[in-house]
Structures are given as structure tokens and as C-alpha cells.
Amino acid sequence: MPELPTGTVTFLFTDLEGSARLWEGHPEAMQAALARHDEILRGSVESNGGHVVKLTGDGVHAAFATADAGVAAAVAGQVAIGAEEWTKTGPLLVRMGLHTGTAELREGDYYGTALNRAARLSAIAHGGQVVVSNATEELVRDVLPEGVGLSDLGEHLLADLGRPEHVFQVTHPLLAPEFPPLRSVSAYPGNLPHQRTAFIGRRDELTEVTAAIGRSQVVTLTGVGGVGKTRLAIQAAAESVHRFPDGAWFVDLGPVVDASFVPAAVATALQLPERRQGTIDDGIIAALRRKHALLVVDNCEHVVEAVARIVDTVVSNCPGVSVLPTSREALGIEGEAAFAVAPLPLPSADDGDHDALLASDAVCLFTERARGVRRDFALTTDNAPVVAELCRRLDGIPLAIELAAARVQSMSPADVLGRLNERFRILTQGRRTVLERHQTLRAAIDWSYGLLEPSEQLVLARLSVFAGGFTLDAAEDVVSGESVEAFDVLDLLAALVAKSILVADESEGAVRYRLLETMREYARDRLEEAADVDESERVQDRHLVHYCEFAVTAAPHLEGADDEEWLRRLFVDDDNLRVALVRARDNEDADVLLTMSSALSRYWLQYGNRRDGLMWMETALAMALDAPAGIRAHVMAWGGSSLIDVGRYEDGRAMLEGSLRCSAEAGEPPFPYTLQFLGLLELEAHQPDLAVQRCEEALAASRERGREFDELESLWILGMVCALGADETRAVTLTDDAVEKARRLGNRYGLAMALQAAGYAQLRTDPARALACLEEAEPLARKASHSITSQLLFFEGVARLRLGELPLSARDIGGALAQFEQGGNHYYLSMTLGLAATLAAEHDPGAAVNLLAAADRTRDDLGLAGAPRDVEMQRRTRERLASTMAPDEFAAAWDQGQALDLDAAVDLAHRVLDELATGA
């Protein structure tokens, strides 16, 4: 056999698309066809100087000393396969992927990440397609064989979830020029986290888990902490995402400190809007009911009952959704398939065969991670038995192995083993009731902890108060004090990162630190066990002070030109803010709780966390009865508006009126927001003159307070109220002024709201200009506020209806309906049902009457009169339908619509709108 290339090698992987179907349909013919397939590909590889490393069932793995030879062989193979007459099986479609990199050659076979990446590339291609990585493209771009070209397919995330790969398609006159989008992870929606290290071993477990996902809606990975449940779940999701058109979504429950926050964590991971009516559970079901998606719910053990409840609710109501939880115990729900994740398989103690040790998953994991901290590390005949013994002593638990491997930066494997032996002997007297593997993991972490300097140990314990990550500034404020100087914190964090205790994530030029959840739990125990009994209390109090100050600092920025950046900063620290709020509540620190609620009020509004914010504002107001009237007035203004937004109208009015009284008691002008929402309540009561008066008072109050953003807000709301009250001329003037002012201020949220108001003001007089305003607002709103995108889509649908673009109008209204459904916004749902009826009046008169009746009943259930414009439009549609339908037919359709519950009415509206959008 010719000598295989070493050093930099180009790897080719091929795979026969649909081979299982072909074998099932033509079992005898496929034997001959596959033999011919192998012969053709072997010939194309060897004629271009390549080497067939192995046949992989229905494909070929080949290696080339040069990249251009690999590309030439792939093209020749595809052309020959395409030219062959496959009369008994039908055409064979082969997908091919090439990648160039360095790999190890042992006993006639290759190992390493370059090999895996080539295989992953092949997997995302289509039959008849050849794709290459960026590394291969750089080597061949100037030496391409005659007639061969490269087409840029952009960056794609492969199933290994490492760095994205820039992929190119090889083109040739005899190859198909176009294919569907690549089947990469990037082709599907979702938020699976990228992985910086390779997935090692567990190929059998991965196959079993992915197969189980296809059989059961709930597959729970169980096992001891650190055994690799999370990594296996993420990899299984990446391998399975092609089965789920609506993507794979990762929900990390590690930072959740209270079981009641589990539904909110799921909703946040799914990027759902805040609901105005109904529970968060309702919003999750509304979002997922028609979806085919996979949820990975990680770190469930400390909130397992709450997770079991929400997962059971999801799978009972969403047949297309599968859930992959990780937990130290099964959820215990009907239909659950529990998969125990075992430690990595280990070589036997008496196995001295070097190749057998190299093939061990545990030893491979140690080797790969050791190379991450020391590039020249290699497994030799001398150190391989030591590494194998070390992995055995660590019981094959990946976290423990990775911690040990990190020590290779400054120690030999023998030194690591020696220290590990000492530590294990000390810990053999642990509690006998604890599972041995729990003791082993604890021992591994204890050992790693014992190698830290005393100052590093102290900092690690204090870092446990953070949830979901933290910045250097936060660490300096919280960790420093009592033996730790602020200027030493950076070096101490760097030391913990280097020792694999702390993770540093860089995004958009900024670094955030985080503890793995197992390490965070361990560090929290150390903090609680501190000799100084007040240590934990002091650190938690410093955490509270820092995040209170952070919230107060952020608040004015949300009204400035850098609002998008500060909204992002608040969002990434949402878990820490919640921990701080819980601390203030538990300490009965009413002033701090009120201060944070006041500072975070706009964040809760813009990011759609109104229910969460309302809970904290009501708690703060109940605790801080003796607080200064001015700050109570501010919190009551936002609290009252939130109550209205979630459908508690009378409570909202009472709180807004309380805000007015507090402002008067403080000798200050009323908060404009208070007056604005009182105006909107008057408008809903069909008192347009009182509504305008209230909003004019809000504009005057904002000018008296001298706050430009308040004035901007008052302008657009007064403009909206004028438009709703049919004073469209004044509405256009006011909203145009608001848009101009927002552009001058540079605030994205303010501009989005002003453009929305301007679009609404011109819907009847100039729908084309209205649509332009609304379309400009939409991308701003997606970045600056999750709370108005559905309204923008709704108004865009109205504008397109007025422009005669019925299919596009139905598309937009259908999209808005889905978002209102997810958000539980019954007020806007009633409006959308009525608008859907107007669109459907000619297409399906009976369904239109059903929808009008359902909208009417929904308003009655809410106790609302409805927006005047919408009510008038629905009245005209009803009269038109009543005049064209037989009386008995109309009455029957009306009664039928009145009997529909809201879910059934929404389903009917979706059907009608889909038919109108597609022309069905």
C-alpha cells in the first residue's frame, strides 16, 4: 500500500444520498451499483494522486498531499458518477466535502479535528454537490483545474458547533449549477451555543440519543454533575436539527434561582414577547403549538418539579415539539425516555497496549484538552499509561478529566497523578451515603481548588454570588474587600481562567466571565463554609449595591443615543439584576427595591418584561410606604401603565391616580407617563376630548420638567390619540414633530415609536407614506424594543389593505396575529380578528361573520369598548355582510362565531389569512 501523506493533508469524504431508501427498494441491484460506485470513486482518487483511506459503507474517505488534487478527484468522481447509467436503481447522488488541515496518522488511519471537519462538510451538502472549506479554497483558488470554479456559499455553522466554516461550492460545466441551501446548523433558527472545543467520543451514545429523539417527545439525559450531559445534549441537538424546521433552542436553567422563574427562562430563550393577558405558560404554548422544534432544557435538577410541569404542558399541547432536558434525575412525566449518561469508557488497568490506550475516549479527551493549554503535548509510550491511570482514577468523568488536563500547562501527567492520589486518599473518609461518583467529582474539584493560591480560593468563593456571568467591573466591586484589593482582581480572574476554573467569553470586543454551574455550586458551598460567618452576607450585599448602581446608571442611557447598547447590557445581566432584587426583597430593603424598580422600569417596558417588572414594582410599593412621594409617583406611573397593559384596567387607573397624588404631595409636576395612560383610558371609554386633554397635560408636564425624551414620548402619544379621535390633520403634525425630534435625539426606541405613530396617523390619508414610516420603524423596534414589533406588523397590514395589496396585507396581519397570540394580548387579538373579517368578507363571508362575532365577544369579555376606528370598520363590514347574506345564514354564522372560544377563533383567522396570502 502506498505511503499515506502526512503534515498538511486534504481530506475528501463522500456519502451516497438516500442510500437507506435505495437499499430497501433495490437490495440486490444495490450490491452491484455500490461496487461500481466504489470502483469509480477509487479510480478518480488514485488517478489524481490520492489515497483511499477506507470505504465508509456508502462512501469513501480519501487523503491527498495537495488540495488541487483533491478537488480534481472530486470533480472527476462526480462527473463519472453522473455519466454512468444506473438503470436498476435510478441515479446515484453523491455528496462530497473537502477540508485541509493537520491530522495524526496512526496504524494506517487518520485522527484529529481536520478529519472531523471534512466529514461535517460532506454531511451538509446535497447529492451531486462538492463543497470545500475556506482552508482548501485558499490553497486552490489560484491553481484550479481547467473548467473548475468556486462559488461562495457564505459562513455556516457545522454540527460540531465550533467556529463557523466559510464554505465554497465547486463548479464545473458538467455538474449541476444550483442546489438547495446547505443543511448546516445555520440553516435553521435557534440558539444552540457555539463550542470552542471538539466533541470527543460518545459516538454510540450520540447515535442512541438522536434515535431516541425521533421516537419520544421527551428524552431526558441523566447523570452525575460533570459527566457531560450538557455537551452530549447540545451535540445531539445539532445532529438532529434537520428534523425540526423551526430549529433547536437552548434553555439554560443554571442561573435560575427560583422555580417560579422557569417559564420565564423558557420564554426568554425562545425570544417570546411579554404577554399582556394569560400566563407565561400560555405564551409558550401559543408560540410552539404549530411549530416543529427541539428544546434543550439544561441544568434542571434544582428546579426539577417546575421543569416537569412546563415540559408536560408543552408536549401535551404541542405535538411537533420535542424536549431534551438534562438533569441529575428524570423528570418523572408520562412518555419520558430517560437516558443515563455514563462516564467515558476507560481502558482496563492491565491493558498496556499503546494503540488501545490511544483509542480510549477518556484518554483522547485528556489529550485534546491538554493540547489546548500546551500545543506540544503528545501521548507517548511513556506517558500514555500514566494518563490512562489518571483517567481511571477520575472515574471517566469529563469535567474531572478536563480539570486535570488543564494542569499539564505547568505539570507532567505523572505529577498530576501524584497530586491526585494524595487528594483522593484524603477524601476517602467522606460520607458513605454519597454516591462514589459524586465523591469522585467532589474530589476532583477539591483537588483543583487545593492547587489555587489562597487569594484565588477566596475570589472563587465570592464569585459564586453572580448568576449567568459578570464583567470585570462587577467583579472588582463585588469581590474586592477583606484581603482582596480591587487592582488585583483582574490578575486573579486571569489566573482562574488559565486554570480552567473560570470561563471567559468574548463577544463584540467585550469579555464576560462565568463559572460552570457545577463549579459555581461548589464555590457557593465554600462561601457558606467560610470561617468568617459574615463573609457571605457582605459579598451578597456588595452584589446588591453594584447592580442597584448599575440599574441607576443605565436608566438615563435608555433615553439617549446609546440606548441599544445599554439595553443589551441590561439584558445580558438580567439574571444578576433578578438576584439583586431578590436580595433586596429578602433583606426588606424597601428603599433599594424601590430605587431599582424605578431605574429598571423602562427596561422592563422595552424588553417586554412587563409582568416581571410589575411584580417587582408592586412588591416595592407595598414595602416602601414611607418612601419619598416623588419616587413612589414614578414607580406608580410605570406600575399603572403595566397593569393596564396586562388587562387590569381598574387597578391600573387607581395606581395612576395614586401617582398623581404623590406628585402633588412632592410638589412636582405629574409624571407625563401617568397622564398619557390616563388619556388612553379615556379614549378607550370613548371620551376623545378628555383623552386629548390628558395628553396635552402630559406634554405640558414634560416641558415643565425639562426632559426632552418625555416631550418626545408625549408628542407621539398625543398624535396617536388625535389620530384615534379622528383629528388626523393635527395627528400628522404632532407625529411629524415627534419623528424629527427623535432623529435629533438619536434614540432608536424613540424613533421607532414616533415612526409607528406617524404611520398610524397617515393610514387613511396617505397609506403609502404610512407604510414607509412603519417599515422604517420595524428594524429599529426589533433591536430597541420587543414590545411593539407585532403592532407595527399589524399596522403594515392595514396600510397594505388600503393600498389594495390584499395577499401582502393578509401575510402581515397573519404574522401580527401569531405574535399577539404568543404575547397573550387579547385586546389586539380582538382587533386582529375584526381586521381578518374585513379581509375575508369577499373570500369567505361565513368565516368573516364568525370572526366579527368572535371579536365582539372578546371585547365584551374584556369589558372594553374597543378602539373607535376598529369598531367603526367592523360595523361597516358587518352591515355589508348582513346586506349580502340571507338573514338566516347571517344569524347562524353570527351565533356560531359567538360560541367560538378565543383559540378556535384565532385558528379560524389563521386559516382565512393563509388562504388569502397564498391565493388558495
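**Exercise 1. Decide whether R743 is buried, partly exposed or exposed, then find its salt-bridge partner.**

Solution.
- Start with the area. R743 has a relative accessible area of 45% in this predicted model.
- Apply the cut-offs. Buried means under 20% and exposed means over 50%, so R743 is partly exposed.
- Look for the partner. The side chain of R743 meets that of E776 in a salt bridge, at 2.8 Å from N to O.
- Place both ends. E776 lies in helix α33 (residues 767–784) and R743 in helix α31 (residues 728–745).
- Conclude. The pair ties together parts that are 33 residues apart in sequence.
- Check the partner. E776 has a relative accessible area of 31%, which makes it partly exposed.

**Exercise 2. Work out which elements the salt bridge between R705 and E668 connects.**

Solution.
- Confirm the bridge. The side chains of R705 and E668 meet at 3.8 Å, N to O.
- Locate R705. It sits in helix α29 (residues 688–705).
- Locate E668. It sits in the loop between α27 (649–666) and α28 (672–684).
- Conclude. The pair links distant parts of the chain, 37 residues apart.
- Add the surroundings. R705 is partly exposed at 23%, and E668 is partly exposed at 35%.

**Exercise 3. Classify each end of the salt bridge between R369 and E402 as buried, partly exposed or exposed.**

Solution.
- Find the distance. The closest N and O atoms of R369 and E402 are 3.0 Å apart.
- Place the pair. R369 is in helix α12 (residues 361–373) and E402 in helix α14 (residues 398–406), 33 residues apart.
- Take R369. Its relative accessible area is 13%, so it is buried.
- Take E402. Its relative accessible area is 29%, so it is partly exposed.
- Widen the view. The whole structure holds 66 salt bridges. Some join into a network: R462, E482, E535, R538 and R542 are linked this way.

**Exercise 4. Explain why helix α17 counts as largely enclosed.**

Solution.
- Set the range. Helix α17 covers residues 454–463.
- List the buried residues. They are E456, Q457, V459, L460, A461, R462 and L463.
- Compare with the length. Since 7 of the 10 residues are buried, the helix is largely enclosed by the rest of the structure.

**Exercise 5. Find what surrounds two buried residues, H61 and E796.**

Solution.
- Begin with H61. It is found in strand β3 (residues 60–64). Its relative accessible area is 2%, so it is buried.
- List its contacts. Leaving aside neighbours within four places in sequence, H61 touches residues including F11, F13, H51, V53, D109 and Y110.
- Turn to E796. It is found in helix α34 (residues 789–802).
- Check its charge partner. E796 is buried yet has no salt bridge. The nearest side chain of opposite charge, R800, is 4.7 Å away.
- Apply the cut-off. A salt bridge needs the nitrogen within 4 Å of the carboxyl oxygen.
- List its contacts. Beyond four places in sequence, E796 is in contact with L771, L774, E775, E778 and D812.

**Exercise 6. Test the radius of gyration of the chain against that of a compact globule.**

Solution.
- Take the expected value. With 920 residues, a compact globule would have a radius near 29 Å.
- Compare. The chain has 32 Å, which agrees.
- Add the spans. The C-alpha trace covers about 90 × 80 × 55 Å along its principal axes.
- Count the elements. The chain has 40 helices and 16 strands.
- Note the burial. Buried residues make up 56% of the 920.

Technical notes
Residues numbered from 1 in each chain as written. Predicted model: local features only at pLDDT ≥ 70, side-chain atom pairs only at ≥ 80, totals over all residues. Heavy atoms only, no water. Helix = DSSP H or I, 4+ residues; strand = E, 2+ residues; numbered from the N terminus. Rg over C-alpha atoms; globule rule 2.2 N^0.38 Å. Buried < 20%, exposed > 50% of the residue type's maximum accessible area, 1.4 Å probe, protein only. Lys, Arg positive; Asp, Glu negative; His and termini not counted. Contact = heavy atoms within 4.5 Å.
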